[in-house]
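Subject: Structure for you to look at

Hello,

Here is the structure I said I would pass on. Please open it first; my notes on what was found in it follow below.

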Amino acid sequence: MRFTQVAGASFLAAVFLFSSEAGTVGRTAAQTPADAPEVSPEIRAFLKPLVIAEGDSELQKKLKERHNVAVKLLEERVKEYKKGVRDVSPVFEAARLTADAKLDLAENAEARTAVLNQLLDVAKLIESNLEQQLAKGFGSKGDLERAHYARLTLEVELLRTKQKAKPGPD
């Protein structure tokens, strides 16, 4: 299970990086073209902070607070990476924390399935984006294979989660 979270988180980080600056990864802010595409709606949804409601239990409040801190940390790490202050490793670590926090908030199989579907959507985006970058002469075939492997891992975890949720034979 921990591997699935890491795989999904690496997709999140990569898609966030690549979808906001397709073809410009590793450049500084001063080198980024003004017409760089916006971050996809799927990524925006994944990075949306959660509202802490009055009726939430203490545990739910802390889980949501932790999620929101992980999201903010990921945003900061991405900014540092884009400025050239850090390499990509801290971005992947922050993305892993965000995915962990999201999965910890899933209280049942249905919620876990929803989070895994969200991760899978992100995985498909990164795979597609990496394919486009390779076609333009950017990126690496190894990164694409890593994305492909991680997407397949998420699909396996999603199938396992759905299989566990099905009622067994009587």
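A residue counts as buried when its relative accessible area is under 20%. By that cut-off, 41% of the 170 residues of the protein are buried. Please keep in mind that this is a predicted model.

Overall layout

The protein has six helices and zero strands. Read along the sequence, the pattern is therefore α-α-α-α-α-α, with helices counted as DSSP runs. Among the contacts with a separation of 6 or more, 66% are between residues 24 or more positions apart. The protein exposes about 9700 Å², and carbon and sulfur atoms supply 55% of that area.

Helix H6

Helix H6 covers residues 141-165. With 25 residues at 1.5 Å a residue, H6 should span 36 Å, and its end C-alpha atoms are indeed 36 Å apart, so the two values agree. The buried residues in H6 are Leu144, Ala147, Ala150, Arg151, Thr153, Leu154, Glu157, Leu158 and Thr161. An α-helix has 3.6 residues a turn, so residues three or four places apart point the same way.

Salt bridges

How many salt bridges does a search of the whole structure find? The search gives 12. As background, side chains of opposite charge can pair when their charged atoms come close. Three of the pairs are described here.

Arg151, one of the buried residues of H6, forms a salt bridge with Glu127, and the closest N and O atoms are 2.3 Å apart. Glu127 lies in helix H5 (residues 109-135) and Arg151 in helix H6, so this pair ties together parts that are 24 residues apart in sequence. Are the two partners buried or exposed? Glu127 has a relative accessibility of 8%, so it counts as buried. Arg151 has a relative accessible area of 13%, so it is buried too.

Another salt bridge joins the side chains of Arg66 and Asp104, at 2.4 Å from N to O. This pair links distant parts of the chain: Arg66 is in helix H3 (residues 58-83) and Asp104 is in helix H4, 38 residues apart. Arg66 is partly exposed, at 42% relative accessibility. Asp104 is also partly exposed, with a relative accessible area of 40%.

The third pair lies within one helix. Glu76 and Lys72 form a salt bridge in which the closest N and O atoms are 3.3 Å apart. The two residues are four apart in helix H3, which means that about one helical turn separates them. Glu76 is partly exposed at 29% relative accessibility, and Lys72 is partly exposed with a relative accessible area of 43%. Lys72 and Glu76 also belong to a network of salt bridges that includes Lys79.

Thr98

The last item is a residue in helix H4, which covers residues 89-105: Thr98. Thr98 has a relative accessible area of 0%, so it is buried. What does the side chain of Thr98 reach at 3.0 Å? The answer is the backbone oxygen of Ala94. In addition, a polar atom of the Thr98 side chain lies 3.2 Å from the backbone oxygen of Ala70.

If you want a place to begin, I suggest looking at Thr98 in helix H4 and then at the pair of Glu127 and Arg151.

Regards

Note on methods
Residues are numbered from 1 along each chain as its sequence is written. This is a predicted model: local features need pLDDT of at least 70, side-chain atom pairs count only at pLDDT 80 or more; totals for chains, interfaces and linings use all residues. Side-chain values use heavy atoms; hydrogens and water are left out. Buried means under 20% relative accessible area, exposed over 50%, partly exposed in between (1.4 Å probe, protein chains only). A polar contact is a pair of N or O atoms within 3.5 Å; within protein, one must be able to donate a hydrogen and the other to accept it, and residues adjacent in sequence count only if both atoms are side-chain atoms. A salt bridge is a side-chain nitrogen of Lys or Arg within 4 Å of a carboxyl oxygen of Asp or Glu. Contact means heavy atoms within 4.5 Å. Accessible areas come from the Shrake-Rupley method with a 1.4 Å probe; for residues, only the protein chains shown count as cover. The expected span of a helix is 1.5 Å times one less than its number of residues.
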